[in-house]
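Me: I am new to this structure, and I would like to understand how its descriptions are reached. Please take me through the reasoning step by step.

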Amino acid sequence: QGSGLRSMATLPMPRAMQFVPSLDIACSTLGFASTMHWEAALANASRQGRPELWMYNGGRPAAGGFSIEEEASAPRSIPWAMYKKRIARYFYWMSTYYTNYQAGEGGVDVFSRAQTFGRIDVTNDPQKGETGWMYGNGDGVLMYPGTDLEFPESSYGVPGPFAGLRLKYWRRGLQDVEYLEILRKSHGEAKVDAILRKMVPKVLWEVDVPDPNDPSWARTNTSWPEAWEEWEKVRFEIADLIEEEEPFEPSCVPQPPEADEREESESCHETGGALEWHVLGQSSLRAWVTEEKVLREEHWADCSAARTRSSLWNGSAVRLFGARNEVVSFSLVLEAGHTGGGAHDIRVSLPRLGELRARPHPASDDLSDALFDWRATEIELFYVRYLQIRGLSGSYGDERMWPTRMQRPYMAAAGGGGLSSAGWKARPGADKHYPEIAVPLELHPSFNISAGESQMIWVDMYLPRDLPAGTRSGELEVRIGPDGNGQLHTVPILLTIHDFALPERPSAKTMIPIEGGDVLRRFIGQNWVHCSKQSNEEMRRLWERHWQVAWRHKVHMVAGSFDECKNYLHYMGLIEGDLEVLKDTPEFLSVLRLNGSSFTSARNYSGPGENLSLELFPIGLYGSWSRRDWDKNASGADIGLEAGFTIHLGRWEDWFRAQAPEISSTERFLYLVDESHDYEQIEAWAAMINGVTGSGSSIPSMATLNLIDAVAQTPSLDITCSTLGFAPIAAWKAAVAEAERLGMRLWLYNGGRPAHGSTNTEGEATDWRSIPWAMRKHGIEVYFYWMSTYYSNYQAGEGATNVFRTAKTFGKHMENSSTNGEAGWMYGNGDGVLLYPGTDISFPQDSYGVWGPFASLRMKYWRRGLQDVEYLELFKQHCGEELMQSVLQRVVPTVLWEVGEANWFPDISWPQRWDAWEQVRQEMARGIESACARTKTTTTDMPVRRYAAGQCVQIPLKVAQKIRAMKCDGAGDP
């Protein structure tokens, strides 16, 4: 049991790192300090997870001191210095040092003498007056005895102590820090950092060791204001800011109470944050609504209405809004009380909301057909499953780059970085369970919640194109008790439908592959299916449902080609024609997606993108074309790759041109190579493709590589798909300009913080939402995420992953890091998995036996961002480019290559709290709707005329200028 105790010693951090690296806590005194040595020691401590830094005594100029002759502001400055550097504890050595024994002296009459420590060696020093070894006024004395038998003439005869004014000044500083903390929660880190830089610009180890040869250091003033009034002005300013009640940033994530605090009490039943229900024999249940991620262990409603309230939830009812042809969402959070046996037999339903309908009760026990039939339902409810995060995806030296729950308490380093010496358990999200898998609620018709835990129920509502504007009201029903006959409780919902519609095709395009072998292993137990069955109804439904679920989230899914099946089907006479030509055409199932057949009512589909065809088609996914011997003819003779490109790309292009317009308008491209650094080969291939003659010359080349390398090493490449996390600003700006000169298009590939949001399971709810905004700000057409169904971690040499139980899907677990938990090569949570298998033969205990996939919450957050971009486009159309750009700059001020590449980075620029995004979306909705009202039209009423490719049309110059600024609607060239 003693393993929970930690060791502490009072010594400087640099010495602790050099001589006592196993120490848990270094309690350090600071007056002057070598900035370089201190920062190096702190960086090393952060990497190894120890020692933690506490502060001990000290004084000017590092921070104020406790001597009696100090200014009143000196003790006040100490908590400010601690807060700036994220130091958790300040240790002052003594409060009642009434006997100066360390100087070999006796009792001190502390009521009549200031000097309490050290010796008087000189009584009349011309500069210092009385002075001597360790001479100190008030040193070790912050409280004075109410009764003093040793000096009865100074005794008050009171059985208790009196406080020194220095103790009161210190208290003022400690209370100031509470102001700062409240301001941080309400206005964010940037606002607090600005105040800290103003009030304590240079403290602790920022005050460097003076140069004895440079007398100017002695004339340097302390950095904080000496006048008390200056501190009070700032405190009043902070109070005014707090009272503005701006939406708070969730930098302080709610934590569950400690075990000894889990007794429910009246003080923890604050009204206004959540509904509360009581059932005899069960834990109490609190209900509230959000779109944030709420971990299973978190209780946001436990003592703070501010934590739960938002524009979506006023404490007692749901208020949401949307446009026609939009999916709006929210999550009901149910929190079981900390005492009792939990909450049992819970059933949640939303039968109807105006014209919006819940899914009809299935006619048979097999739910598969019902769950993937959207023709008679606009409302879907999902039971959210959680995954435990045992380690961090990736690695950052600056704590502020991590998602909020994964940030350790940190202190600012020189240059603004966030360093921490705390361990893995200091991360609030360490080993916690994160919401991730949206399982249709029909598969969990009733459920239990353990005491002290929470459960999310996700709600999606599709607002059809023909839905009249106005408000709709309804109630979410929650029954608690056996057999569905228990207590009935309701959560009121008010939905406002604005008088405009989102366009059918996403403005921000996406591309995400599906791994066919992984899917088949989970659903049928093998990584292939006989080619004669590839196109049968059962297999068609399986593949189609993956595409349909992605399409309902406005995500464009792609797949590789099955050449082996073409060989077999041709041999059996089931397909006719030249086999070599057939290999350069899409397989049967791809054709159904390309022509939009998979997204029709005949295939049980209704919702976003109904009847539309796919927009992107990669030829040779991940560079697989290179395994096809394109440099040889049908008889195996060498013809050279340049001739091969002309032949094969020509066949592909001829096939597309021969199809109906909905297919012929699909953008096709050759996926040249994946994540290769063989620039010489890439450039040679790209140059050959640029030299293709005939119809294939219109097919562009694409490769995944950094834009800076692309413009310098592979200028013949048509499309570069680049990953961004950190980026040198000047080099990237130059590369973007050069790409524009070359005619090279830039797409976005994977990536993460701080360039845009994290794609991993432990990311914030707003992370995926930020990606389409970053695309729109910088005019990027396509975001390519590498995989949706990476169920077998073969790249790490591992086998199948139980994706319903294990968050880590990529990389290796090689060690248990003291700071990052499980760690190893490319360790990633949820990496490559955005869809979960409804049937899992590999792990039957977690199989639902459903013939189709389940979406992740990350995919739903991504959809929200994709729909936001439609708002931005409509806002631009109705309110102008300037206002739209101002919205972008306000929400995503620093993204992609704007973040730079330095030792330390600014805080993540986009809002971490979901509600801040929703308020901006509401502003845009009002602007769009009011503009529509002024012009007495809506976006769906605008006249549309289509022209054939190549047709010459005379139009007014002003109209032409507007068209140039618009994007193609997907039906052909603008």
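Reply: In this predicted model, Leu872, Phe875, Lys876 and Cys879 of helix 20 are in contact with Glu881, Leu883, Met884, Val887 and Leu888 of helix 21. By class, that contact is made up of seven nonpolar and two charged residues, with no polar ones. The two helices, residues 857–879 and residues 881–891, pack at an angle of about 145°, and their axes lie 7 Å apart.

Me: How do you know that the span of helix 20 agrees with what its 23 residues should give?

Reply: The expected span takes 1.5 Å times one less than the number of residues, and for the 23 residues of helix 20 this comes to 33 Å; because the end C-alpha atoms are 32 Å apart, the two values agree.

Me: What makes helix 20 count as mostly covered?

Reply: A residue is called buried when its relative accessible area is under 20%, and 20 of the 23 residues in helix 20 are buried. Helix 20 is followed by Gly880, which has a positive phi near 105°.

Me: Why is Asn57 called buried or exposed?

Reply: Asn57 has a relative accessibility of 16%, and the cut-off for buried is under 20%, so Asn57 counts as buried. Asn57 sits in the loop between strand 3 and helix 3, and has a positive phi of about 50° although it is not a glycine.

Me: Why is Glu675 called partly exposed?

Reply: Partly exposed lies between under 20% for buried and over 50% for exposed, and the relative accessible area of Glu675 is 49%, so the description partly exposed applies. Glu675 is found in the loop between strand 29 (667–674) and helix 16 (679–690).

Conventions:
Residues are numbered from 1 along each chain as its sequence is written. This is a predicted model: local features need pLDDT of at least 70, side-chain atom pairs count only at pLDDT 80 or more; totals for chains, interfaces and linings use all residues. Side-chain values use heavy atoms; hydrogens and water are left out. Axes are lines fitted to C-alpha atoms, for helices over the stretch in contact, and angles run from 0 to 180 degrees between N-to-C directions. Helices (H or I, at least four residues) and strands (E, at least two) are DSSP runs, numbered from the N terminus. Contact means heavy atoms within 4.5 Å. Ala, Val, Leu, Ile, Met, Phe, Trp, Tyr, Cys and Pro count as nonpolar, Asp, Glu, Lys and Arg as charged, and the others, Gly among them, as polar. Buried means under 20% relative accessible area, exposed over 50%, partly exposed in between (1.4 Å probe, protein chains only).
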